[in-house]
Amino acid sequence: FFNDNQSIFDVEGPEDLKIVHTPRIGGESYYDLNYLSDLSSALKYTINQPNFDLGILSAFENSTHQGKGRDFYAIRGQYSLGPNKIGVSLNQVNTPTINREVTVISSDVNFTVSKDTSLNFGIIRTESEVNHDQLLDTGWWLTGNSDITDHHRHEFSLFSYGDDLELNDIGYVKRINRKQFEYEYQYQIPDFSFAKIREITFSIETELKTNFQDEKLPLIIGAGTEVVTDSEFEYDISFEFISS
């Protein structure tokens with residue numbers, strides 16, 4: 001049920017961010033460790049037009065001796081202009097056992113510069129209320145990749161996730177309270193064929209980051225090589241330098 005026609009809700013960003021992460025529904029509560037319930041019912045409705053898509057998702061959990069189960073609501077609209085897409089999402093989750101209500105509003109743009117270059121920009125705002133105490137925060141990201149030729153590839157990500165950005169009621173993000181820049185370059189040797197080796201790719205990457213307390217976080221610089229043989233075996237070797 002949660003996989004079929006789910007692509008409209010698949011909005012992702014750096015740090016494995018997902019606006020909707022359906023294993024949350026009917027699973028353990030991220031914010032109430034003692035909570036346990038099962039999915040009671042769910043509804044999903046999608047509309048697919050040539051230039052416009054709309055998705056509505058709601059799910060409800062069984063009540064237990066702890067109290068009423070959680071309620072999940074997600075709605076997303078997406079407009080396509082050629083290869084470019086603009087989307088808006090609105091999610092809400094109610095967790096009665098701890099008097100928690102969270103609303104997540106996000107917008108994202110996928111822009112195709114050329115057939116070899118694309119950019120993705122997203123902005124997100126969360127509002128959480130627990131026992132009438134409110135927390136508001138925002139985050140944004142910009143990612144891009146470019147294949148200048150068949151053998152050169154550039155990827156980068158730049159993002160800022162606030163200290164009180166709370167997605168994990170219905171979404172997922174690996175780490176918040178982070179301002180970070182990442183860059184990776186890959187080079188594949190063209191027309192390589194030697195000693196049953198079909199392909200060799202070299203890569204370098206770097207990661208610069210800090211948080212909203214402006215603390216010094218480790219600098220990461222890495223390099224690696226991937227070798228692919230004619231029999232489809234892959235061998236990788238990589239090195240990373242991590243500062244204090």
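Does alanine 195 count as buried or exposed, or, put another way, what is the class of alanine 195 by relative accessibility? In this predicted model, alanine 195 has a relative accessibility of 59% and so counts as exposed. Alanine 195 sits in the loop that runs between S11 and S12. The backbone there is a bit unusual to look at: phi of alanine 195 is near 50 degrees, a positive value in a residue other than glycine.

Stepping back to the whole chain, the count is 0 helices and 14 strands. Written out along the sequence, the pattern is β-β-β-β-β-β-β-β-β-β-β-β-β-β. The C-alpha atoms fill a box of roughly 65 × 50 × 35 Å, taken along the principal axes. Of the 244 residues, 36% count as buried. As for who touches whom, take the contacts between residues at least 6 apart in sequence: 48% of these join residues at least 24 apart.

The strands on either side of the alanine 195 loop are partners. S11 (residues 178–188) pairs with S12 (residues 197–210) in the antiparallel sense, over 10 bridges. One position to look for in this pair is glutamine 186, which stands opposite serine 203 in S12. S12 also pairs with S13 (residues 220–229); these two run antiparallel and are joined by 10 bridges. Here glutamate 199 stands opposite valine 228 in S13. With strands like these, it helps to remember that side chains in a regular strand alternate between the two faces of the sheet.

Earlier in the chain, S4 and S5 are antiparallel partners with 9 bridges between them, and leucine 57 stands opposite alanine 74 in S5. S5 in turn runs antiparallel to S6 (residues 84–95), with 11 bridges joining the two. Serine 80 has lysine 85 in S6 as its bridge partner. S5 and S6 make a hairpin with 2 residues between them, and glycine 82 in the turn has a positive phi of about 65 degrees.

A positive phi turns up at aspartate 16 too, at about 55 degrees, although aspartate 16 is not a glycine. Aspartate 16 is found in the loop between S1 (12–13) and S2 (17–18). With a relative accessible area of 43%, aspartate 16 is partly exposed.

Next to aspartate 16 in the numbering comes leucine 17, which belongs to the nonpolar interior. The largest nonpolar core has 23 residues, and those with the most contacts inside it are Leu17 and Tyr161. Elements that give two or more residues to this core are S4 (52–61), S5 (71–81), S7 (100–114) and S10 (152–161). Leaving aside residues up to four places away in sequence, leucine 17 touches Val11, Glu12, Trp141, Tyr161, Leu167, Tyr172 and Val173.

Another link across the sequence involves proline 23, in the loop between S2 and S3 (39–48). The C-alpha atoms of proline 23 and isoleucine 170 are separated by 8.4 Å, although the two residues are 147 residues apart along the chain. Proline 23 counts as exposed, at 54% relative accessibility.

Then there are the pockets. The largest has about 310 Å³ of space. It is lined by 18 residues, and the closest to its centre are Glu155, Phe156, Ser157, Glu182 and Glu184. S8 (117–130), S9 (133–149), S10, S11 and S12 are the elements that give two or more residues to this lining. By class, the lining of the largest pocket divides into 5 nonpolar, 7 polar and 6 charged residues.

The second largest pocket holds about 200 Å³ of space. Its lining has 16 residues, with Glu184, Ser203, Gly224, Thr225 and Ser238 the closest to the centre. The elements giving two or more residues to the lining of this second pocket are S11, S12, S13 and S14 (234–242). Its lining is made up of 4 nonpolar, 7 polar and 5 charged residues. Glu184 is named among the residues closest to the centre for both the largest pocket and the second largest pocket. Ser203, close to the centre of the second largest pocket, is also the residue that glutamine 186 stands opposite.

Note on methods. Residues numbered from 1 in each chain as written. Predicted model: local features only at pLDDT ≥ 70, side-chain atom pairs only at ≥ 80, totals over all residues. Heavy atoms only, no water. Pairing = 2+ DSSP bridges. Helix = DSSP H or I, 4+ residues; strand = E, 2+ residues; numbered from the N terminus. Core = buried A, V, L, I, M, F, W, Y, C linked by side-chain atoms within 4.5 Å. Buried < 20%, exposed > 50% of the residue type's maximum accessible area, 1.4 Å probe, protein only. Contact = heavy atoms within 4.5 Å. 1 Å grid on protein atoms, 1.4 Å probe; cavity = no way out; pocket = protein on both sides within 12 Å on 5 of 7 lines; lining within 4 Å. Points joined across faces, edges and corners; volume = space filled by probe spheres on them. Nonpolar A, V, L, I, M, F, W, Y, C, P; charged D, E, K, R; others polar.
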